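User: Please take a close look at a single part of this model, a loop and what follows it, and describe it in one connected account.

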Amino acid sequence: MSGDERQAFAAALRAGAPDAVDRLYRDHARAVLAWCLRLGPPGMDAEDAAQEVFITALRRLGEYRGDASVSTWLFQVTRRVVANQRRRHALRRFFGLESAPEPSVSAAAEAALGREGERRLVRRALARLSAAHREVIVLVDLDERPAPEAAEMLGVPVGTIYSRLHAARRAFATAAVAEGWEVVERDGAPVLGVAR
């Protein structure tokens, strides 16, 4: 979207145009849900969090002026919603109010679940990272956004993205190993392999 198109879209959103609101959801629901899944704590209901993101965004439409991309604006809303969810989750855990822990899964059941088991491992490893590291991994490595776009979304210089990404990948590897992944050799280079 060009700058003029973005500002026209922002004006339509602020006016509450049904087509613009529908387009906002249609174009960004999948990304917002993925961000909630990847940035949120284990056990957080990502669908509820994503719904909260859109409710919050709709309440705050008057703040969106079209200066940044819609993705950048929604990512900022998602960051705040997920941070609130993390605080609530930590309080619930502190007071012993969290739900029962995930049951352990047998190797046969894990194999039957296929990639879902790997996704859970990734989410648990991401949960071990700092917010800054988790956000850069999600945007650049998982969402496959270019560094300049990630820099805009996070409000930092591009150079910060590259240095943060380097540290985040090392931290993720450490967290992944702690979650039961193993380091394997592939084409002479060490890579993470899911331990079965």
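Analyst: E144 sits in the loop between helix 7 (131–142) and helix 8, where helices are DSSP runs (H or I, at least four residues) numbered from the N terminus. This is a predicted model, in which local features need pLDDT of at least 70 and side-chain atom pairs count only at pLDDT 80 or more, while totals for chains, interfaces and linings use all residues. Residues are numbered from 1 along each chain as its sequence is written, and side-chain values use heavy atoms, with hydrogens and water left out.

Most residues other than glycine have a negative phi. E144, although not a glycine, has a positive phi of about 60°, and E144 is exposed, with a relative accessible area of 66% (exposed means over 50%, with a 1.4 Å probe and protein chains only).

Beyond this loop, the axes of helix 8 (residues 147–154) and helix 9 (residues 158–178) come within 8 Å and cross at roughly 100°, the axes being lines fitted to C-alpha atoms over the stretch in contact, with angles from 0 to 180 degrees between N-to-C directions. Helix 8 and helix 9 are therefore roughly perpendicular to each other, a term that covers 65 to 115 degrees. Helix 8 contributes A147, P148, A150, A151 and L154 to the contact, and helix 9 contributes V158, I161, Y162 and R164, contact meaning heavy atoms within 4.5 Å. By class, this contact has 8 nonpolar, no polar and 1 charged residues, where Ala, Val, Leu, Ile, Met, Phe, Trp, Tyr, Cys and Pro count as nonpolar, Asp, Glu, Lys and Arg as charged, and the others, Gly among them, as polar.

Note on methods:
Helices (H or I, at least four residues) and strands (E, at least two) are DSSP runs, numbered from the N terminus. Angles under 35 degrees count as roughly parallel, over 145 as roughly antiparallel, 65 to 115 as roughly perpendicular and the rest as oblique. Buried means under 20% relative accessible area, exposed over 50%, partly exposed in between (1.4 Å probe, protein chains only).
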